[in-house]
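Q: I have a structure open and have not looked at it before. Can you walk me through it?
A: Yes, go ahead and show it.

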Amino acid sequence: MKKIYNFILAAGMMLLAVSCQNEQTVTETVNEEPQINTTMEDLLTRRSIRQYTDEMPPMEVIEEICKAGTYAATGMNRQSPIIIAVTNREMRDRMSRLNAQVMGNDSDPFYGAPVVLVVLADKNVHTHVEDGSLVMGNLMLAAHAKGLGSCWIHRAKEVFESEEGKQILSELGIEGDYVGVGNCILGYVDGDYPEAKPRKENWVYWVK
Ligand SMILES: Cc1cc2nc3c(=O)[nH]c(=O)nc-3n(C[C@H](O)[C@H](O)[C@H](O)COP(=O)(O)O)c2cc1C
């Protein structure tokens, strides 16, 4: 009787060992699959684009990019920024002209991009610059994730401090103390996609 009992016990343990081994094999097989983290990929591969085709991206895509902007973190969730989404050629050219005026030239600082998302933020909120900058970051990353090129174009502050800049806000019915943070230009990339410049030394100081 004892012999039979020992035999059953040994057989049971063998079965258990085999099943554990199989489980491990399954886990290992899953882990062998390359896990593509698209967020990480997008963070590392987004680049500033300075050459665009004339093609207007679909409105739904621009809306989704704007939505990503509205989900940026903001200090105390005050949501101080606003976005002026410009797909109108006349307004886009007007803003480009004002931007170039700040630099004292007549170039197109928007590099021919058909869309400009202007980020402004309420200066009464003490985190407005940080809030607006994060919105800019979200917009650029969302554009990249959606297959569009983008670039932060500066001088929004000066443009919306100017008389004509204020006039634009008034024409659009935007009231309040808004400061220009940045212009996120969007469009389809024309030509080769730029490579990232090497990262500087000593970016990160570890304290382990
Ligand atoms: C605050 C800020 C202002 C910028 N202003 C301009 C600009 O006016 N014109 C421009 O071509 N690029 C502008 N850029 C883009 C930078 O030149 C670009 O991010 C930098 O060269 C690194 O390249 P990358 O974005 O491809 O990594 C700006 C970027 C930031 C963050």
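**A first walk through the model**

A: We can start at a single residue: tyrosine 111 counts as partly exposed, because it has 18 C-beta neighbours inside 10 Å. This is a predicted model.

Q: Where does tyrosine 111 lie?
A: Tyrosine 111 is in the loop between H4 and S2. Its phi is positive, about 50°, although tyrosine 111 is not a glycine.

Q: What else is in that loop between H4 and S2?
A: Aspartate 108 is one of the residues there, and the helix before the loop, H4, covers 89-103. Aspartate 108 counts as partly exposed, as 13 C-beta neighbours fall inside 10 Å. Aspartate 108 is 15 residues from aspartate 93 in sequence, and their C-alpha atoms are 8.2 Å apart in space.

Q: OK, stepping back. How many helices and strands are there?
A: The protein has 7 helices and 4 strands. Read from the N terminus, the order is α-α-α-β-α-β-α-β-α-α-β.

Q: And how much of the protein is buried?
A: 27% of the 208 residues count as buried. As for contacts between residues at least 6 apart in sequence, 79% of them join residues at least 24 apart.

Q: How do the strands line up in the sheet?
A: The 4 strands make an open sheet, ordered S1-S2-S4-S3, with antiparallel pairing.

Q: Which strands are at the edges?
A: S1 (81-86) and S3 (149-153). Each has a single partner strand, so one side of each has no neighbour in the sheet. On average, neighbouring strands are turned by 20° against each other, ignoring direction.

Q: What holds strands together in general?
A: Strands of a sheet pair through backbone hydrogen bonds, in either a parallel or an antiparallel way.

Q: How many bridges join S3 to S4 here?
A: There are 5 bridges between S3 and S4, and S4 spans residues 178-187. Glycine 149 stands opposite glycine 187 in S4. Serine 150 has leucine 186 of S4 as its bridge partner.

Q: And S2 to S4?
A: S2 and S4 run antiparallel and are joined by 8 bridges. In one case, leucine 120 has glycine 180 in S4 as its bridge partner.

Q: How many residues of S4 are buried?
A: 9 of its 10 residues are buried, so S4 is largely enclosed by the rest of the structure.

Q: Which helix packs on the sheet?
A: H5, residues 128-145, packs on the sheet and touches S1, S2 (115-122), S3 and S4. The direction of H5 makes about 5° with that of S4.

Q: Switching topic. What is around the ligand?
A: The surrounding residues are Arg47, Ser48, Arg50, Cys151, Trp152, Ile153, His154, Pro194 and Ala196. By type, the shell splits into 5 nonpolar, 2 polar and 2 charged residues.

Q: What comes in the loop after S3?
A: Arginine 155 is placed in the loop between S3 and H6. Phi of arginine 155 is near 75°, which is positive for a residue other than glycine. Arginine 155 counts as partly exposed, because 17 C-beta neighbours lie inside 10 Å.

Q: And in H6 itself?
A: Lysine 157 is found in H6, which runs over residues 156-161. Lysine 157 is partly exposed, since 16 other C-beta atoms are within 10 Å.

Q: What does lysine 157 touch?
A: Leaving out residues up to four places away in sequence, lysine 157 touches Val179 and Gly180. Lysine 157 and leucine 120 are 37 residues apart in sequence, with 8.2 Å between their C-alpha atoms.

Q: Last thing. What is the mean pLDDT of the protein?
A: The mean pLDDT is 89, and 83% of the residues reach 70 or more.

Q: Where does pLDDT stay under 50?
A: Over residues 15-30, and the model has 0 contacts beyond four places in sequence for that stretch.

Q: How should I read a stretch like that?
A: Where pLDDT is low, the predicted coordinates should not be read in detail.

Note on methods:
Residues numbered from 1 in each chain as written. Predicted model: local features only at pLDDT ≥ 70, side-chain atom pairs only at ≥ 80, totals over all residues. Near = placed C-beta within 6 Å. Nonpolar A, V, L, I, M, F, W, Y, C, P; charged D, E, K, R; others polar. Helix = DSSP H or I, 4+ residues; strand = E, 2+ residues; numbered from the N terminus. Buried ≥ 20, exposed ≤ 12 C-beta atoms within 10 Å, placed from the backbone. Contact = placed C-beta atoms within 7 Å. Pairing = 2+ DSSP bridges. Axes fitted to C-alpha atoms, helices over the stretch in contact; angles between N-to-C directions. pLDDT = per-residue confidence, 0-100.
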